[in-house]
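I opened a fresh notebook page for this chain. My plan is to look up the layout, then the middle, then the charged pairs.

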Amino acid sequence: MKALSTIRLALMIFTVTSAGSSLAAEAWNIPHEKAVVLKGRVVDALCPLKGRCAPDCGGGKRQLGLLLADGTFRLVAKSNIDFAGSIPDLIGFCGKEIEADGLLIENPAITLFFVQGIRTDAAGSFIPAERFKADWETQHGKAEEWWRADPEANRIIAEDGPLGIKGLAPKPKP
């Protein structure tokens, strides 16, 4: 009986270890989504799109993306945290090659990539793209819904309204 328990434990450890090294993107059921691993260089989005390149990818103030080996640019729109961007997860890799596991949304209107895991070594494990929340909690403390507790979002809403533009209000619900 003890041997069976030992084998079962070993299988569980193997399964968890294997799952960590081959993270597959979690489906979000967004139209046109597909799980992919993209390999490319982390770049400031304004660099390939407008030719306005900042040496440090904008120091965390600009939108980032991946420039693939074939020259395709993929805008990274979001990390794996609700309503949060991917910049905290990617900025440390500015100018470096990474592999990103995530969801590619190829909607006819726009193509976006939602990164869920990052690694620099193809043989290594993906690190979940969740840094935003840890950074936010370090700065503001724990909150069940960080986006409702965020002081900057609340300041903008108080000053400019819920859509962030003075005088612009949501349409009333019918």
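**Entry 1: a pair of strand partners.** I began at β5 and looked for the residue that Thr111 pairs with. Thr111 in β5 is the bridge partner of Glu106. I should jot down that I'm working from a predicted model.

That bridge belongs to a longer pairing: β4 and β5 run antiparallel and are joined by 8 bridges. The two strands make a hairpin, with 4 residues between them.

**Entry 2: what else does β5 pair with?** I checked the other strands next. Strand β3, residues 73–78, pairs with β5 in the parallel sense over 2 bridges. In that pairing, Val76 stands opposite Phe113 of β5. Strand β6, residues 127–128, is antiparallel to β5 and joined to it by 2 bridges. There I found Ile118 with Ile127 of β6 as its bridge partner.

Is β5 mostly covered or mostly open? It's mostly covered, since the cut-off for buried is under 20% relative accessible area. I noted that 8 of the 9 residues in β5 are buried.

**Entry 3: stepping back to the whole chain.** I should have done this earlier. The chain has 6 helices and 6 strands. Reading from the N terminus, I get α-β-α-β-β-α-β-β-β-α-α-α.

Of the 174 residues, 29% are buried. I also looked at how far apart in sequence the contacting residues are. Among contacts with a separation of 6 or more, 57% are between residues 24 or more positions apart. For the outside, I wrote down about 11300 Å² of exposed area, with carbon and sulfur atoms supplying 59% of it.

**Entry 4: the nonpolar core.** Which residues have the most contacts inside the largest nonpolar core? My list reads Leu66, Leu90, Ile98, Phe113 and Val115, out of 17 residues in that core. Then I asked where the core residues come from. At least two each are supplied by β1 (33–44), β2 (64–68), α3 (87–90), β4 (97–106) and β5 (111–119).

I picked Phe113 for a closer look. Setting aside neighbours within four places in sequence, its contacts include Val36, Leu38, Leu66, Leu75 and Val76. Ala100, Leu103 and Leu104 are also among the contacts of Phe113.

**Entry 5: a charged residue under cover.** Next up was Arg74, which sits in strand β3. Is Arg74 buried or exposed? Arg74 counts as buried, because its relative accessibility is 17% and the cut-off is under 20%.

I listed what Arg74 touches, again leaving out neighbours within four places in sequence. Its contacts are Leu38, Gly65, Leu66, Leu68, Leu104, Glu106 and Thr111. Glu106 and Thr111 are familiar from my first entry, where they were bridge partners.

**Entry 6: salt bridges.** How many salt bridges are there? The count comes to 9. I followed Glu106 first. Glu106 forms a salt bridge with Lys34, and their closest N and O atoms are 3.2 Å apart. Glu106 is in strand β4 and Lys34 in strand β1, so this pair ties together parts 72 residues apart in sequence. I looked up how open both ends are: Lys34 is partly exposed at 41% relative accessible area, and Glu106 is partly exposed at 34%.

Glu106 also meets Arg74 in a salt bridge, at 3.5 Å from N to O. Here the tie is between strand β4, which holds Glu106, and strand β3, which holds Arg74, so it joins parts 32 residues apart in sequence.

Another pair on my list was Glu145 and Arg148, whose side chains meet in a salt bridge at 2.7 Å, N to O. Glu145 is partly exposed at 34% relative accessibility, while Arg148 is exposed at 57%. Back to the earlier trio: Lys34, Arg74 and Glu106 form one network through salt bridges that share partners.

**Entry 7: a nonpolar patch outside.** My last stop was the surface. Leu163, Ile165 and Leu168 form a nonpolar patch there, with about 270 Å² of accessible area together. Leu163 belongs to the segment after α6 (151–160). I made a note that Leu163 is partly exposed, with a relative accessible area of 44%.

Methods:
Residues are numbered from 1 along each chain as its sequence is written. This is a predicted model: local features need pLDDT of at least 70, side-chain atom pairs count only at pLDDT 80 or more; totals for chains, interfaces and linings use all residues. Side-chain values use heavy atoms; hydrogens and water are left out. A nonpolar core is a set of buried Ala, Val, Leu, Ile, Met, Phe, Trp, Tyr and Cys residues joined through side-chain atoms within 4.5 Å. Buried means under 20% relative accessible area, exposed over 50%, partly exposed in between (1.4 Å probe, protein chains only). Contact means heavy atoms within 4.5 Å. Patches are made of residues with over 30% relative accessible area and no salt bridge: like charges are joined within 9 Å, nonpolar side chains (Val, Leu, Ile, Met, Phe, Trp, Tyr) within 5 Å. Accessible areas come from the Shrake-Rupley method with a 1.4 Å probe; for residues, only the protein chains shown count as cover. A salt bridge is a side-chain nitrogen of Lys or Arg within 4 Å of a carboxyl oxygen of Asp or Glu. Two strands pair if DSSP finds at least two bridges between them.
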